Amino acid sequence: MAPMDPHSFTDSMHPLTKHVHLSLYFDFNSKTIDGSVILTLESPYSGDLYLDTRCLKIHGVYDDVSKSFSPSNYIPFLLENPDPIKGSLLRVSLTNQSSFAIIFKTHQSASAIQWLNPAQTAGKKFPYVYTQCQSIHARSIFPCQDTPRARIRYSAVLNIPEQMSSVMSAAHNGRMAPSIGEAKGACPDEKWVMHGRIVEHFSMQQPIPPYLFAFAVGNIVSKEVGPRTRIYSEPCHVLEAAENEFRNTEEMIKQGEKLFGEYEWERFDLLVLPPSFPYGGMENPRLVFLTPTVIAGDLSGGQVVAHELAHSWTGNLSTNATNNDFWLNEGFTTYAERRIVEVVQGEERAALNIGLGCAELKDEMQRFKDNMEFTKLRTNQDGVDPDDVYSSVPYEKGFQFLWRIERQLSGSEALCFSSQTTS
């Protein structure tokens, strides 16, 4: 076994996944998802393929070539005992196969999935669910090679209650009645097509690391605020407030393109989540997730949008290979964010953000004074949960490093970015 990532069971000798198809049936009563995933590898493989999982119940693995889930098409697998950080290794025994299906069920405590009761939402009528896969939580939604090195394209069908809507970090391809065969083993067909359900179809054509997989389901409405931007939220005052707060978004996209090259993700939509969302924002491609607390009424929330927009080049296109190099995502993005803010909101606002960031960095240095490993740009996180050492160090120290280079070069041309992963 030759692991390529301290936080993943993925083996460097195995072919990586190039495409994933998901069929997901949402059960809000049990707060679980019945699912099937078809994984397509870069090349056929024989032997045990290693996948990451966390708290998943694996019902079976099948040869996808036949499109049949009978015992004759069963593929042997072994789900090992869980590691406290990485979860459980799923060994799938392949015989010259490049595509196979896994039938699974998520757990109520899935680390990537947040289920909200109606009382926790703005409207108080419908439940809500959303995901947060960074850094190593996609494995709690579906079995995968949960490392940034494994960039995947995906398609998905989401079966939800018909009075609700869903969004994903992907192109929306339609909303229609469920049909026989769509479940692909996720649940019985009669359950999939039962009255009161609707299916939404999505596809992501650009390759992304698994931590950027994202969805939300609830009472969600939207409003177009620019040629490439729609704001989604619950039907409440937040939608109008967000429209005002983020009205400069298209100008930010244009300035980002001038600085860093073409925006390659087509859409830059914004989803304002319920207040329980644990971050200011998350850079899910095509659909940024935001907490409503960034809506201050004075356009200052635009800084968060600028940061998540900057990820469209730094992180989503050029991605760190492992969390040891997380600063390559966040240091470059903080630098790019401040270049955008400088152009759109002015030099004074950018200088203020630099000052606030520097003060925050000093606080983080004090926090890690007894564990200096995590004050470095490149860290050793072997045996360490990345959530436990998350801080602003990779953001602000990374920015300071790049800002120093900029000053040394006297403000030469900004960097451009293309889709790749660091080695």
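A pocket here is an open set of grid points with protein on both sides within 12 Å along at least five of seven lines, on a 1 Å grid over the protein atoms alone. The model is predicted. Under that definition, the second largest pocket holds about 240 Å³ of space.

**The second largest pocket**

Its lining has 16 residues, and those closest to the centre are Ser166, Val167, His172, Phe202 and Tyr232. Three strands each give two or more residues to the lining of this pocket: strand 9 (165–168), strand 10 (171–176) and strand 11 (197–208). Strand 9 makes the largest contribution, with 4 residues. By class, the lining of the second largest pocket splits into 8 nonpolar, 3 polar and 5 charged residues.

**The largest pocket**

The largest pocket takes up about 530 Å³. It is lined by 24 residues; His307, Glu337, Glu360, Tyr390 and Tyr395 lie closest to its centre. Two or more lining residues come from each of strand 16 (281–282), helix 4 (302–310), helix 5, helix 6 (347–367) and helix 7. The lining of the largest pocket divides into 6 nonpolar, 11 polar and 7 charged residues.

**Closed cavities**

How many cavities of 30 Å³ or more does the model contain? The count is 3. The largest cavity has a volume of about 150 Å³. Its lining comprises 17 residues, with Phe326, Thr379, Gln381, Val389 and Pro394 nearest the centre. Helix 5 (326–344) and helix 7 (393–408) each supply at least two residues of that lining. Helix 5 and helix 7 also each give two or more residues to the lining of the largest pocket. In the lining of the largest cavity, 9 residues are nonpolar, 6 polar and 2 charged.

The second largest cavity encloses about 120 Å³. Its lining has 15 residues, and Ser135, Pro148, Tyr211, Asn320 and Asn323 are the closest to its centre. The lining of the second largest cavity includes 5 nonpolar, 8 polar and 2 charged residues.

The linings by class:

| Space | Nonpolar | Polar | Charged |
|---|---|---|---|
| Largest pocket | 6 residues | 11 residues | 7 residues |
| Second largest pocket | 8 residues | 3 residues | 5 residues |
| Largest cavity | 9 residues | 6 residues | 2 residues |
| Second largest cavity | 5 residues | 8 residues | 2 residues |

**The nonpolar core**

In soluble globular proteins, nonpolar side chains tend to be buried together. In this model, the largest nonpolar core has 92 residues. Which members touch the most others? They are Phe26, Phe100, Phe215 and Leu271. Strand 2 (residues 32–53) provides the largest share of this core, 7 residues.

Phe26 can be followed through its contacts. Leaving out residues up to four places away in sequence, Phe26 touches Thr32, Ile33, Trp115, Val129, Leu158, Asn159, Ile160, Arg197, Phe215 and Val217. One of these partners, Phe215, is itself among the core members with the most contacts to other members.

**Serine 8**

Ser8 sits in the segment before strand 1 (17–27). Is this residue buried or exposed? Ser8 counts as buried because its relative accessibility is 0%, and the cut-off for buried is under 20%. The side chains of Ser8 and Asp52 are joined by a polar contact of 2.6 Å. Beyond four places in sequence, Ser8 touches Pro3, Asp52, Lys86, Arg139, Asp146 and Thr147. Asp52 thus appears both as the polar partner of Ser8 and in its list of contacts.

Conventions:
Residues are numbered from 1 along each chain as its sequence is written. This is a predicted model: local features need pLDDT of at least 70, side-chain atom pairs count only at pLDDT 80 or more; totals for chains, interfaces and linings use all residues. Side-chain values use heavy atoms; hydrogens and water are left out. On a 1 Å grid over the protein atoms alone, a cavity is a set of points where a 1.4 Å probe fits but cannot get out, and a pocket is an open set with protein on both sides within 12 Å along at least five of seven lines; lining residues have an atom within 4 Å of a point. Grid points are joined across faces, edges and corners, and a volume is the space filled by probe spheres set on the points. Ala, Val, Leu, Ile, Met, Phe, Trp, Tyr, Cys and Pro count as nonpolar, Asp, Glu, Lys and Arg as charged, and the others, Gly among them, as polar. A nonpolar core is a set of buried Ala, Val, Leu, Ile, Met, Phe, Trp, Tyr and Cys residues joined through side-chain atoms within 4.5 Å. Buried means under 20% relative accessible area, exposed over 50%, partly exposed in between (1.4 Å probe, protein chains only). Contact means heavy atoms within 4.5 Å. A polar contact is a pair of N or O atoms within 3.5 Å; within protein, one must be able to donate a hydrogen and the other to accept it, and residues adjacent in sequence count only if both atoms are side-chain atoms.
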